[in-house]
Amino acid sequence: MSKIVKLKKGFDIKLVGKANQELADLAPAQTFAIKPTDFIGLQRPKVLVNEGDTVKAGTPIMFDKAMDQVIYASPVSGEVIEIKRGDKRKLLEIKILADQTVSHENLGKVDIASLDREALVSKIAVSGVWPNIIQRPFGIVANPADTPKAIFISGFDTHPLAPDYGFALKGEEKYFQAGVDALAKLTTGKVHLNLDGEIPAPTVFANVKNAEINKFSGPHPAGNVGIQIHHLDPINKGDIVWTVSPFGVVQLGKLILEGVYDASKLVALTGSELTNAAYVKTYSGACVSTFVKGNLNSGHVRVVSGNVLTGEKISLDGFLGFYHHQITVIPEGDYYEFLGWALPSKRLSFHRALGLLSFLNPNKEHVMDSNARGEERAFVQTGVFESVTPMDILPVYLLKAILAEDFDEMEELGIYEIVEEDLALCEFVDVSKHPVQQMVRKGIELIQYS
């Protein structure tokens, strides 16, 4: 039965630089990269190509020796120009110089009705689409050998400057429906499509069948799929659920209906330091330089693949992450501010004592840089984390259990229910300046590999 959930806890970070609903007239990216570091849980990547090889979109590029049935495929056609490795030959990037016109491997269309679950899983796993399916707990690429109790899709994003799914997925209705139909065969339970209860459903989601539609409203992190799972069907020890982004569902639908791995996407160019904040059509792993250079208000900036809360800092010549549909550019905050924390400020802050003026105008959009304005301090909190975490967990006690490596306490306090993004706001409001998301991942890995 569909549910309506109204959340009160959380905080919306309103920034200058939301993408206009138009396509930017920018040169297309020429180089693309697959980064193993994008895929949490990928343990032993095995490269299947060599420098100089010619590939198509959908050509197998690598796999994980620990889960060799899942293929990671090229997002574009072109030439493999570099296999970049770091210390101890750790695989960092596989770079591809793209053709002007992308050609695709013919993977074969799929008749959902005629395939059993095992055949469908095998088809998806070798196509390059499978890494879009993420397992909870742990937030890792799902194992095809598992059967989830349910699958969850969050149909809206409440992160700062997040892309508008109605615009980014316009015209993809039939592919989204085909993807939902395929997902419904992969679970013994329901496919949950969770929408923003405060606005009309975008066209791409308006008439979806074969899924249970739920409505969520409230401040960020209401759009986080982990928060939604907690309120619909909480994860206990031994449970497995899968999550897929709407973009991943569309990719799955294109595999079903067209027989191709289509990694194209509309990416939101956001942030106060861009002269043209809009959308650009590109492919997963695109080099961001053509979208950012020549599109800046200033030269001293931080480029983030993703959003400012959970995204990855990259260089001006860096590459878009596999799971990211947004590029954010903000001022770099590498300066020292003497007693800046103690002075009256117009800066956005969750704490009224530090950002009183921002509370007088709650709808104002702010320009914020990357400066943390302080160093790590004693871990002392008085209910602040709980006020931005709309879950029945105690985040401070959970984080302290992680620091103490107390496995029993971590399990009792909800480690199976969270990944980094679910407590990212705690890191933003933390006056003690702790790397909360790193701490969460440490706890997950302790539990996962214990």
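Strand 15, which spans residues 264–270, is mostly covered, since seven of its seven residues are buried. The model described here is a predicted one, and the strand offers a convenient place to begin reading it. In a regular strand the side chains alternate between the two faces of the sheet. In strand 15, Ser264, Leu266, Ala268 and Thr270 point one way, while Lys265, Val267 and Leu269 point the other way, and all of these residues are buried.

Strand 15 has pairing partners that differ in sense. With strand 16 (residues 279–283) strand 15 pairs in the antiparallel sense over five bridges, and within this pairing alanine 268 stands opposite tyrosine 279 of strand 16. With strand 19 (residues 326–331), by contrast, strand 15 pairs in the parallel sense over three bridges, and here threonine 270 stands opposite threonine 328 of strand 19.

**Salt bridges**

Side chains of opposite charge can pair when their charged atoms come close. A search of the whole structure finds 16 salt bridges, and the table sets out some of them with the separation of the closest N and O atoms.

| Acidic residue | Basic residue | N to O distance |
|---|---|---|
| Aspartate 38 | Lysine 35 | 4.0 Å |
| Aspartate 239 | Lysine 149 | 3.1 Å |
| Glutamate 172 | Lysine 254 | 3.5 Å |

The salt bridge between lysine 149 and aspartate 239 has its closest N and O atoms 3.1 Å apart. Because lysine 149 lies in the loop between strand 10 (140–141) and strand 11 (151–154), and aspartate 239 in the loop between helix 5 (225–232) and strand 14 (241–243), the pair ties together parts that are 90 residues apart in sequence. Lysine 149 counts as partly exposed, with a relative accessibility of 25%, and aspartate 239 is likewise classed as partly exposed, at 21%.

Glutamate 172 and lysine 254 also meet through their side chains in a salt bridge, at 3.5 Å from N to O. Glutamate 172 is placed in the loop between helix 2 (165–168) and helix 3 (173–184), whereas lysine 254 belongs to helix 6 (residues 246–258), so this pair ties together parts that are 82 residues apart in sequence. Glutamate 172 counts as buried at 18% relative accessibility, and lysine 254 counts as buried at 8%.

Aspartate 38 and lysine 35 form a salt bridge in which the closest N and O atoms are 4.0 Å apart. Aspartate 38 is buried, because its relative accessible area of 14% falls under the 20% limit used for that class, and lysine 35 is buried as well, with a relative accessible area of 5%. Together with Glu312, Lys35 and Asp38 are linked in a network of salt bridges.

**A buried residue and a charged patch**

Isoleucine 61 has its place in strand 5 (residues 60–64) and is buried, with a relative accessible area of 0%. The C-alpha atoms of isoleucine 61 and isoleucine 34 are separated by 8.5 Å, although these residues are 27 residues apart along the chain.

Elsewhere, a negative surface patch is formed by Asp406, Asp408, Glu409 and Glu412. Within this group, aspartate 408 is located in helix 11, which covers residues 407–412. Aspartate 408 counts as exposed because its relative accessibility of 54% is over the 50% limit for that class.

Technical notes
Residues are numbered from 1 along each chain as its sequence is written. This is a predicted model: local features need pLDDT of at least 70, side-chain atom pairs count only at pLDDT 80 or more; totals for chains, interfaces and linings use all residues. Side-chain values use heavy atoms; hydrogens and water are left out. Patches are made of residues with over 30% relative accessible area and no salt bridge: like charges are joined within 9 Å, nonpolar side chains (Val, Leu, Ile, Met, Phe, Trp, Tyr) within 5 Å. Accessible areas come from the Shrake-Rupley method with a 1.4 Å probe; for residues, only the protein chains shown count as cover. Lys and Arg count as positive and Asp and Glu as negative; His and the chain ends are not counted. The place of a charge is taken as NZ of Lys, CZ of Arg, CG of Asp or CD of Glu. Helices (H or I, at least four residues) and strands (E, at least two) are DSSP runs, numbered from the N terminus. Buried means under 20% relative accessible area, exposed over 50%, partly exposed in between (1.4 Å probe, protein chains only). Two strands pair if DSSP finds at least two bridges between them.
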